[in-house]
Amino acid sequence: MLDPSAPTQDDAQRARKPLSLRMTLVIAALCAIAIMWLNEDTYHRTTQTLVQIQHGHATRSTINTVVRRLVEAESGQRGFILTGDRAYLAPYDAALKDIDVLLKRLGANVPRAMNESEAMQAFRHLLSQKIGEMALTVRLRQEERAEVVNFVMTSNVGLEQMRAFQLQGDALLAQADAVVAANRAELYRLLNVSRFGLAAGVLAAFFAFFLYVNQTRTLRETDARQKQLLEAERDALESQVRERTARLTELATYLQQAVEDERAHLARELHDELGALLTAAKLNVARIKSKLPKDADELAERLKHLTETLNQGIALKRRIIEDLRPSSLSNLGLVASLEILTREFADRSGVEIETSLEPVELDEVSELTIYRMVQEALTNIGKYAQASKVVVRLQNYTYHAEVTVQDNGVGFDATRLPQASHGLVGMRHRVEASGGRLDINSRAGGGGSRITGTIPRAVPKPQSELAESVGAMSSDSYKAPSPQTTAHDAAI
């Protein structure tokens, strides 16, 4: 029998194919790196060559300008010597200043080989001699030494110096042209290297691409089979996730309903048992108080304190029962229950409450969902919001009812809710379990927060009935408690 754990020929091929594919990718990467290095090196060398060519042209232009400005200075010098007019010294001085600037520019732009050559040194020396000769003649003319000036002017010293300077400038120009020509040849060579290198790189890339295509073609069938297996496994996992999500949702809904049922049971027990005990105790205190002698002031005071304590216990019992299961919701309706809830929150927290509640017709579960949402929102505001005003709105639409709780507190980052925010999570689950949607809009840093719950109606309300119900509303009913509410509070 064959050993199932032994490697088969297909396994060996699959092991060799990724290796070959990796080698192909390595070759392609090396080719790409070589092309990039060649292009980068050629670019830097080309840039340097172009800079040398520019320096050569700049050197040629500067030398020509120096020669021209020296000729202009000599013309101004000779004009001053012949006429004695100082107006000729203006172009003479300007030309000498320009020559100083040009010499500095020549030192910055000339290639290093030319700058250190004997021709450049001779050029600077001859220029210095010519400038010194012109300065000497100008100084002698200013000292009115005509015989010396005539000697200098009639001799050929200045002419020979100028001729030697011009010949040296031509030599430098020829040297600059040679540098430019050499750099141009180097530029053409670099362009050819880049061209042939790029062509070789492209061929290598095509070869690597051919190898890559060949390897991917052999792996295509294996990848297709693996993809089918992965899709089947993914479908199975998605089916399990959907099933477990549905079970968790059902469990959460059941737990939520169980909590509500337990709250209702506990509220009934507190109302029936504890209420009866407190009421009986209060009646016994009243009987004892009626039979006290008139001079028993201390006992009367103690019985009065006991009566107040029993009244506080009854009030606490009433508040606990309302928190567990709001009886006003089944007796007075959603609007009156929300008015009582917001009024008690305002009295307890000192926060200004503004309500705008439209009458709605929903089933009992949806009304309880809206009540619990507002209750939880107000609880969170009292704990964390640090708000001074809260707005509660209940709006009735054709296909749904919308409740909004908005505050002007510090707000929070709605996109980064902590994992421990069970109140908001439970609120969202309760609303979504009723088929609705919960929207939380807030911004940290004082922007306040707004929580909006949308609860769908089981049966869409006709537009005519909706208009009549909205028109029949009185704005006064949202500001003062109704007589039914007062009677209900007294009964509890």
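Q: What is the accessible surface of the protein, and what share of this surface belongs to carbon and sulfur atoms?
A: The accessible surface of the protein comes to about 30,700 Å², and 57% of this area belongs to carbon and sulfur atoms. The model from which these values are computed is a predicted one.

Q: How many helices and strands are there in the protein?
A: The protein has 13 helices and 5 strands. Buried residues account for 34% of its 492 residues. As for contacts between residues at least 6 apart in sequence, 77% join residues at least 24 apart.

Q: How is a pair of aromatic rings described?
A: In general, the description consists of the distance of the centres and the angle of the planes. In this structure, a search of the whole model finds 1 aromatic pair. F123 and F165 form this pair, which is stacked, with 4.7 Å from centre to centre and 25° between the planes.

Q: Which parts of the chain does the pair of F123 and F165 tie together?
A: F123 belongs to helix α4 (residues 118-142) and F165 to helix α6 (residues 157-290), so the pair ties together parts that are 42 residues apart in sequence.

Q: Is F123 buried or exposed, and is F165 buried or exposed?
A: A residue is called buried when its relative accessible area is under 20%. F123 counts as buried because its relative accessibility is 0%. F165 is likewise buried, at 0% relative accessibility.

Q: How many salt bridges does a search of the whole structure find?
A: The search finds 11 salt bridges. One example is D41 with R45, where the closest N and O atoms are 3.3 Å apart. Both residues lie in helix α1 (residues 9-83), 4 residues apart, which is about one turn of the helix. D41 is partly exposed, with a relative accessible area of 24%, and R45 is partly exposed as well, with 40%.

Q: Which residues are linked with E74 in a network of salt bridges?
A: The network links E74, R78, K130 and E133. Within it, E74 forms a salt bridge with R78, the closest N and O atoms being 3.7 Å apart. E74 and R78 are separated by about one helical turn, because they are 4 residues apart in helix α1. The side chain of E74 also meets that of K130 in a salt bridge of 2.8 Å, N to O. This second pair links distant parts of the chain, with E74 in helix α1 and K130 in helix α4, 56 residues apart.

Q: Which of E74, R78 and K130 are buried, and which are partly exposed?
A: E74 is buried, with a relative accessible area of 11%. K130 is also buried, at 0%. R78 counts as partly exposed, at 28% relative accessibility.

Q: In what order do the 5 strands form the sheet?
A: The strands form an open sheet in the order β1-β2-β3-β5-β4, with mixed pairing. β1 (352-357) and β4 (437-442) each have a single partner strand, so one side of each is left without a neighbour in the sheet. On average, neighbouring strands of this sheet are turned by 10° against each other, direction ignored.

Q: How many bridges join β4 to β5, and where do helices α9 and α10 lie?
A: β4 and strand β5 (residues 449-456) run antiparallel and are joined by 6 bridges. L438 has G453 in β5 as its bridge partner. Helix α9 (residues 334-349) lies across β1 and β2 (389-396), running at about 170° to β1. Helix α10 (residues 364-385) packs on the sheet and touches β2, β3 (400-407), β4 and β5, its direction making about 10° with that of β3.

Technical notes. Residues are numbered from 1 along each chain as its sequence is written. This is a predicted model: local features need pLDDT of at least 70, side-chain atom pairs count only at pLDDT 80 or more; totals for chains, interfaces and linings use all residues. Side-chain values use heavy atoms; hydrogens and water are left out. Helices (H or I, at least four residues) and strands (E, at least two) are DSSP runs, numbered from the N terminus. Buried means under 20% relative accessible area, exposed over 50%, partly exposed in between (1.4 Å probe, protein chains only). Contact means heavy atoms within 4.5 Å. Accessible areas come from the Shrake-Rupley method with a 1.4 Å probe; for residues, only the protein chains shown count as cover. Rings of Phe, Tyr and Trp (its six-membered ring) pair if their centres lie within 6.5 Å; planes under 30 degrees apart count as stacked, over 60 as edge-to-face and the rest as tilted. A salt bridge is a side-chain nitrogen of Lys or Arg within 4 Å of a carboxyl oxygen of Asp or Glu. Two strands pair if DSSP finds at least two bridges between them. Axes are lines fitted to C-alpha atoms, for helices over the stretch in contact, and angles run from 0 to 180 degrees between N-to-C directions.
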